[in-house]
Amino acid sequence: MRLLSIATAIALVGICGGPALAGECPKLQGQMERQVNNRLDSAAYTARENMNQAAALHKSGKHPESVAKYDEAAKAVGVKLEHKK
């Protein structure tokens, strides 16, 4: 019974947490676009590739993976993203 309760709690966190992260992805996309749109260096190219992958992950509903990919893009150009609180 205790195991069932734990499994149910984890499932609820996953279900409730997904939509919260879904709203963060477009915000991170906008931040990254402002940082890399006017840059033509290789770091910006790498960041754009990561941003495209992050957008695809977002569209497929994989929001935590999308956020991680945006963080990777930010690291490529040396910026820190402002995450949703």
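These are my notebook entries on a predicted model of one protein chain.

**Entry 1: overall make-up**

I began with the secondary structure, and I found four helices and zero strands in the protein chain, which read along the sequence as the pattern α-α-α-α. I then looked up burial, and of the 85 residues of the protein chain, 27% count as buried. For the contacts, I took those between residues at least 6 apart in sequence, and I noted that 60% of them join residues at least 24 apart.

**Entry 2: the nonpolar core**

Which residues touch the most other members of the largest nonpolar core? I found that this core has 14 residues, and that M32, V36, A47, M51, Y70 and L81 are the ones touching the most other members. I next looked up where the core residues come from, and α2 (24-36), α3 (42-59) and α4 (63-77) each supply at least two of them, with α4 giving the most, namely five residues.

I followed M32 further and set aside its neighbours within four places in sequence; M32 is then in contact with A47, M51, Y70, A73, A74, V77, V79 and L81.

**Entry 3: α3 against α4**

How are α3 and α4 oriented to each other? I looked up the packing and found an angle of about 175°, with the two axes 8 Å apart. Since angles over 145 degrees count as roughly antiparallel, α3 and α4 are therefore roughly antiparallel to each other.

I listed the residues that make this contact: from α3 they are A43, A44, T46, A47, N50, M51, Q53, A54, A55, L57 and H58, and from α4 they are H63, E65, S66, K69, Y70, E72, A73, A76 and V77. Sorted by character, the residues of the contact of α3 with α4 divide into 11 nonpolar, six polar and three charged.

**Entry 4: K69**

I picked K69, which has its place in helix α4 and is among the residues through which α4 meets α3. Is K69 buried or exposed? I read a relative accessibility of 18% for K69, and because buried means under 20%, K69 counts as buried. Leaving out residues up to four places away in sequence, K69 touches N50, Q53, A54 and L57, and I noted that these four are listed on the α3 side of the helix contact. With one of them, Q53, the side chain of K69 makes a polar contact through the side chain of Q53, at 2.9 Å.

**Entry 5: R39**

I moved to R39, which lies in the loop between α2 and α3. R39 is partly exposed, with a relative accessible area of 27%. Its side chain makes a polar contact with the side chain of D41 at 2.9 Å. Not counting residues up to four places away in sequence, R39 touches A44, R48 and V77. I checked R39 and V77 as a pair, and although they are 38 residues apart in sequence, they are 9.8 Å apart in space, C-alpha to C-alpha.

**Entry 6: D71**

Finally I looked up D71, which is placed in helix α4. At 32% relative accessibility, D71 counts as partly exposed. Which residues does D71 touch, not counting residues up to four places away in sequence? I found L81 and H83, and L81 is one of the core residues that touch the most other members. I also recorded that D71 and L28 are 43 residues apart in sequence and 8.7 Å apart in space, C-alpha to C-alpha.

Terms used. Residues numbered from 1 in each chain as written. Predicted model: local features only at pLDDT ≥ 70, side-chain atom pairs only at ≥ 80, totals over all residues. Heavy atoms only, no water. Core = buried A, V, L, I, M, F, W, Y, C linked by side-chain atoms within 4.5 Å. Buried < 20%, exposed > 50% of the residue type's maximum accessible area, 1.4 Å probe, protein only. Helix = DSSP H or I, 4+ residues; strand = E, 2+ residues; numbered from the N terminus. Contact = heavy atoms within 4.5 Å. Polar contact = N/O pair within 3.5 Å; in protein donor to acceptor, adjacent residues only side chain to side chain. Axes fitted to C-alpha atoms, helices over the stretch in contact; angles between N-to-C directions. Parallel < 35°, antiparallel > 145°, perpendicular 65-115°, else oblique. Nonpolar A, V, L, I, M, F, W, Y, C, P; charged D, E, K, R; others polar.
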